[in-house]
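Here is a short set of exercises, each followed by a worked solution. Have the sequence and the 3D view open, and try each task before reading on.

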Amino acid sequence: MAALQTVLQSNANIARLPSGIVALFVGATSGIGQSTLQHVPAPHIYSVAHPQTVAAHETHLASLSKSNPTATFTLITADVSLVSEIDKIVAAITQKETKLDILVWSDTREGLEPSMSTRYYSPLRAVQQLLPLLNAAPIPRVISVLAGGHEAQISKAELDLRDSANWSYWNAAVHAATMCTLSLERLAHGNPGLSVVHWHPGAVATPGLAKWDKYSLTPPNQRSQDEAGVRGVFLATSDQYAVQSGPVLVPGGLGGVNKSGGGIFLVDADGESIDNEGVLAGFRERGVDEVVWSHTEKVWAECAARAGRPKDEL
Ligand SMILES: NC(=O)c1ccc[n+]([C@@H]2O[C@H](COP(=O)([O-])OP(=O)(O)OC[C@H]3O[C@@H](n4cnc5c(N)ncnc54)[C@H](OP(=O)(O)O)[C@@H]3O)[C@@H](O)[C@H]2O)c1
C-alpha cells in the first residue's frame with residue numbers, strides 16, 4: 001500500500017518534471033477530478049465543463065490561477081455524453097499545443113445513470129484522437145478514473161445492453177469497466193511509450209457519491225476527496241506507474257506494481273496493482289478485445305453519421 005505520507009513525499013518532487021507540462025482534465029468540475037486538478041502543477045491545464053457548470057468552473061479556475069500564477073488554465077465547454085463533442089475538445093488543444101503530457105478522465109453521469117458514452121465511448125475516443133499529441137510528449141500518461149480491476153464477464157453479443165432484458169445497473173457498470181480496460185490495453189499495445197492507468201479509487205466522498213444517498217447505497221469508509229486528488233497526482237506523475245522512467249522516482253520502500261497482461265496499470269484505492277488476469281487473459285485468448293474494438297469503431301461511426309460528418313470525423 002502506498003501510504004498517504006509516501007504519496008505526499010513523492011508529490012513534493014513533481015517540480016522535477018520537465019517545464020511546460022500540458023494536462024487535460026475531463027470531469028474536473030467536481031469530485032476526484034477537481035481535487036486532482038487542484039494538486040497538479042501543470043503550467044498548461046485544459047479543463048472541460050459542460051454548459052451548466054461553465055460559470056462555476058470559470059470562477060474555480062480563476063482562483064487556482066491566483067495561487068498558481070505560472071500556470072495557464074483553459075476552459076473548454078463540451079458535453080462529453082455526446083461522443084461528437086470529443087473532436088471539439090481535441091481540436092481546441094491541437095490548435096495550441098504540440099504535445100499532451102497528462103490526460104485525466106474522471107467523469108460520470110449523475111446518480112445511477114450509467115452512461116456508456118461518458119464512461120466508455122467518449123474517453124476512449126479522446127485517448128485515440130489525442131494519441132499524436134500524447135506520443136509527442138516525453139513521458140505521456142493517461143489516467144482513467146473508473147473501475148480498473150473490476151472487469152467481469154460481458155455479453156459479447158450485446159455489448160451495448162440495448163435490450164432492456166439484459167440491462168441492469170450492475171451489468172452496465174461491468175460492461176463499461178471491462179470494455180475500457182480491453183480497449184485501453186489495445187491502445188497501450190500500439191503506443192509503447194504511453195503509460196496507461198485504469199484506477200478504481202474506492203469509495204470517495206464526492207458530490208457524485210453523495211447522489212447515491214437517496215438509494216441508501218453509500219458505502220462506508222469513504223476517503224476524502226482531497227486525499228483522492230493527492231493520490232490522483234501520484235498516479236499521474238510517479239515512476240511507479242510509468243512504462244518509461246521519468247524524474248519522479250519510485251519512493252523508497254514501495255515495491256513495484258505489475259501491469260496487466262495487456263500492458264496497463266489496473267490500480268486500486270491504495271495504489272496497488274490489481275491482478276484480474278483470471279478474467280482478462282480469457283478475454284484476450286478468445287479475441288473479445290477485438291470484438292469490443294470493432295464494436296467501438298462501429299458506434300463511433302454511427303455517432304459521426306448522426307452528427308452528419310464523415311466516419312473518421314466526428
Ligand atoms: N466517488 C467514488 O466513490 C467513486 C468510486 C469508484 C469509482 N468512481 C469513479 O470516479 C469517477 C469520478 O467520480 P466522482 O465521484 O468524482 O464524480 P462527481 O463528483 O460526480 O464528478 C463527475 C464529473 O463528471 C462531470 N460530468 C458528468 N457528465 C458530464 C458531461 N456530460 N460533460 C462534461 N462533464 C460531465 C461532472 O461535471 P458537473 O459537475 O458539471 O456535473 C463532474 O465534473 C467516475 O468515473 C466514477 O465512476 C468514483
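A first pairing to find: Tyr46 stands opposite Thr74 in β3. The model is predicted, so local features need pLDDT of at least 70 and side-chain atom pairs count only at pLDDT 80 or more, whereas totals for chains, interfaces and linings use all residues. Residues are numbered from 1 along each chain as its sequence is written, and side-chain values use heavy atoms, with hydrogens and water left out.

**Exercise 1. Follow β2 and its partners.**

Task: find which strands pair with β2, and in which sense.

Solution.
Step 1. Start with the terms: helices (H or I, at least four residues) and strands (E, at least two) are DSSP runs, numbered from the N terminus. Two strands pair if DSSP finds at least two bridges between them.
Step 2. On one side, six bridges connect β2 with strand β3 (residues 72-77), and the two run parallel. Besides the Tyr46 and Thr74 pair, Ala49 stands opposite Thr77 in β3.
Step 3. To get from β2 to β3 the chain passes through helix α3 (residues 54-67), in a right-handed β-α-β crossover. Right-handed means that, with the strands pointing away from the viewer, the path from the first strand over the helix to the second runs clockwise.
Step 4. Strand β1 (residues 22-26) also pairs with β2 in the parallel sense, over five bridges. Here His44 in β2 is the bridge partner of Val22.
Step 5. Helix α2 (residues 31-39) carries the chain from β1 to β2, and this β-α-β crossover is right-handed too.

Task: why is β2 largely enclosed by the rest of the structure?

Solution. Look at burial, where buried means under 20% relative accessible area, exposed over 50%, and partly exposed in between (1.4 Å probe, protein chains only). Strand β2 (residues 44-49) is largely enclosed because five of its six residues are buried.

**Exercise 2. Lay out the sheet.**

Task: write down the strand order and name the edge strands.

Solution.
Step 1. The open sheet has seven strands in the order β3-β2-β1-β4-β5-β6-β7, with parallel pairing.
Step 2. Its edge strands are β3 and β7, each of which pairs on one side only.
Step 3. On average, neighbouring strands of this sheet are turned by 15° against each other, direction ignored. Axes are lines fitted to C-alpha atoms, for helices over the stretch in contact, and angles run from 0 to 180 degrees between N-to-C directions.
Step 4. Further along the order, β1 is joined to strand β4 (residues 102-105) by four bridges, and the two run parallel. Val26 has Trp105 in β4 as its bridge partner.
Step 5. Now add helices. Helix α4 (residues 86-96) packs on the sheet and touches β1, β2, β3 and β4, its direction making about 150° with that of β3. Contact means heavy atoms within 4.5 Å.
Step 6. Helix α5 (residues 116-135) packs on the sheet as well, touching β1, β4 and β5 (141-145), with its direction at about 175° to that of β4.

**Exercise 3. Work out the aromatic pairs.**

Task: how many aromatic pairs are there?

Solution.
Step 1. Rings of Phe, Tyr and Trp (its six-membered ring) pair if their centres lie within 6.5 Å; planes under 30 degrees apart count as stacked, over 60 as edge-to-face and the rest as tilted. This rule gives five aromatic pairs.
Step 2. The ring centres of Phe234 and Tyr241 are 5.5 Å apart and the planes are at 90°, so this pair is edge-to-face.
Step 3. For Tyr241 and Phe265 the centres are 6.1 Å apart and the planes at 85°, so this pair is edge-to-face. Tyr241 lies in the loop between α8 (225-237) and β7 (265-267), and Phe265 in strand β7, so that the pair links distant parts of the chain, 24 residues apart.
Step 4. Put together, Phe234, Tyr241 and Phe265 make one aromatic cluster.
Step 5. Check burial: Phe234 is buried at a relative accessible area of 1%, Tyr241 is buried at 0%, and Phe265 is buried as well.

**Exercise 4. Place Asp79.**

Task: is Asp79 buried or partly exposed?

Solution.
Step 1. Asp79 is found in the loop between β3 and α4.
Step 2. With a relative accessible area of 23%, Asp79 is partly exposed.
Step 3. Leaving aside neighbours within four places in sequence, Asp79 is in contact with His50 and Glu85.
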